[in-house]
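Reader: Please take one part of this structure and go through it closely. Then connect it to its surroundings, step by step.

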Amino acid sequence: MLWGTGVVGSMVLAEILRHPGFELVGVGVSNPDKIGRDAGDLCGAEKTGVLATDSIDALIATRPDAVVHYGPTAAFAEENMRVIGAFLRAGIDVCSTAMTPWVWPHTDKLPAIWRDPITEACAAGGASCFTTGIDPGFANDLFPMTLMGLCGEVQSVRASELLDYTDYEGDYEFEMGIGHPPEFTALLEHPDMLIMAWGATVPMIATASGIELDAITTTWDKWVTPEDRPSAKGILKAGTVAAIRFTINGIYRGREVITLEHVNRIGLDAAPDWPAGTKDDVYRVDILGSPSISQETSFRFTDGSGRTPAVAGCLATGMRALNAVPAVNALPPGWVTPLDLPLIPGAGTIR
């Protein structure tokens, strides 16, 4: 079963319909205009006979093995917990991309009101809850931890998102301050908010490495454009922020050992002195150790559709949740993190 047919959900829905390992038994939506529409219509595929509904009870009655949940961001935490909690209490596992602070729910930065209801729902229904993303998510948990397993010693590990937001239509103005004057304080500039929203994978990596961090710190930098810049959302005016760079840093024995870094620009020429990939729009891991390792990952569509790298990354994010379903089904009830999962090679993807 799938809940949510926005950008990510609609792309995953199309993949489910042609995947030999999954059967679609229901589609949940919150948009009234989508209620009663065929699942195929919602993703540009042939009709399926499965009609979208906003009734959680009707979806539970289909008794799915799991729900892949592509709801809104953590800004809509109450709605996400209402929907996810209902499925969990009914004994249905949930794999979601919505509440990215849940990628490591054991962090002390996560508010109890965001953790306890799901913990209780899992226990009541005997179900499991797994949350993933790209960043926070597999680009800064699965990728770096996998590479760290190739090292004899790791002095430091850095996972970076290096993206041009020119064609990106997601939210960044209020959250990151892009498009605002430099004196504007963005939501994520507040260290506690940044660590809670984006930093969960820092203590996850520390736990996986068998260390306890002394502290988690942050940095935040802005780059102001000297000229107007076009974007998918309109024109960024000269004198406003056109690039931001932040880090979330795990401190151990007085030194920075785990770093998450974001460099997000409007235009590839913005903030020219800041880090960039060897290709445009990449996720990068750099390990200083024995041996030192660098890995750069890009997401692209090569089908001639013209869809952007950002959209390709959205599909990868959604597919990580879907492909994890069999493994999550096999685990005991409760929270599931990448440290609980086996290798997920994508059974059924080669066909």
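Author: Start with one strand pair. In this predicted model, β8 and strand β11 (residues 241-252) are antiparallel partners, joined over 10 bridges. One contact in that ladder can be named: D221 has R245 of β11 as its bridge partner. Strands of a sheet pair through backbone hydrogen bonds, in either the parallel or the antiparallel sense.

Now widen the view. β8 and β11 belong to an open sheet of six strands. Its order is β8-β11-β12-β7-β13-β14, and the pairing is mixed. Why do β8 and β14 each have one side without a neighbour in the sheet? β8 (215-224) and β14 (293-297) are the edges, and each has a single partner strand, so nothing in the sheet flanks the other side. From one strand to the next, the twist averages 10°.

Follow the sheet toward the other edge. Strand β7 (residues 153-164) meets strand β13 (residues 282-290) through nine bridges, and the two run antiparallel. E161 is matched there with Y283 in β13. β13 then pairs with β14, antiparallel again, over five bridges. Here R284 has E296 of β14 as its bridge partner. The link between β13 and β14 is a hairpin, with two residues joining them. In a regular strand, side chains alternate between the two faces of the sheet.

Which helices pack on this sheet? Helix α8 (residues 191-198) touches β8, β11 and β12 (255-265), and its direction makes about 80° with that of β11. Helix α9 (residues 201-209) lies across β8, β11 and β12 as well, running at about 145° to β12.

α8 also leads to another element. The buried residues of α5 pack against α8, and also against α4 (77-89), β6 (128-131) and β15 (334-336). Check the length of α5 next. Helix α5 (residues 112-125) has 14 residues, and at 1.5 Å a residue it should span 20 Å; its end C-alpha atoms are 20 Å apart, so the two values agree.

Which residues of α5 are buried? They are W114, R115, I118, A121 and C122. These cover an arc of only 135° around the axis, so they sit on the same side of α5. An α-helix has 3.6 residues a turn, so residues three or four places apart point the same way. On the other side of α5, I113, E120, A123 and A124 are exposed. Just past the helix, G126 adopts a positive phi of about 65°.

α5 has a sheet beneath its packing too. The helix lies across β6 and β15, at about 110° to β15. Those strands end the order β3-β2-β1-β4-β5-β6-β15, an open sheet of seven strands with parallel pairing. β3 (52-53) and β15 are its edge strands, each pairing on one side only. Inside this sheet, strand β5 (residues 93-96) runs parallel to β6, joined by three bridges. S96 stands opposite T131 in β6.

One record entry remains. UniProt, in an unreviewed entry, places the feature "domain: Dihydrodipicolinate reductase N-terminal" at residues 5-74. In the model, that span is 30% helix and 11% strand, with its end C-alpha atoms 17 Å apart.

Methods: Residues numbered from 1 in each chain as written. Predicted model: local features only at pLDDT ≥ 70, side-chain atom pairs only at ≥ 80, totals over all residues. Heavy atoms only, no water. UniProt positions renumbered as here; feature names shortened; annotations may be inferred. Helix = DSSP H or I, 4+ residues; strand = E, 2+ residues; numbered from the N terminus. Pairing = 2+ DSSP bridges. Axes fitted to C-alpha atoms, helices over the stretch in contact; angles between N-to-C directions. Contact = heavy atoms within 4.5 Å. Expected span 1.5 Å × (residues − 1). Buried < 20%, exposed > 50% of the residue type's maximum accessible area, 1.4 Å probe, protein only. Arc of directions from axis to C-beta.
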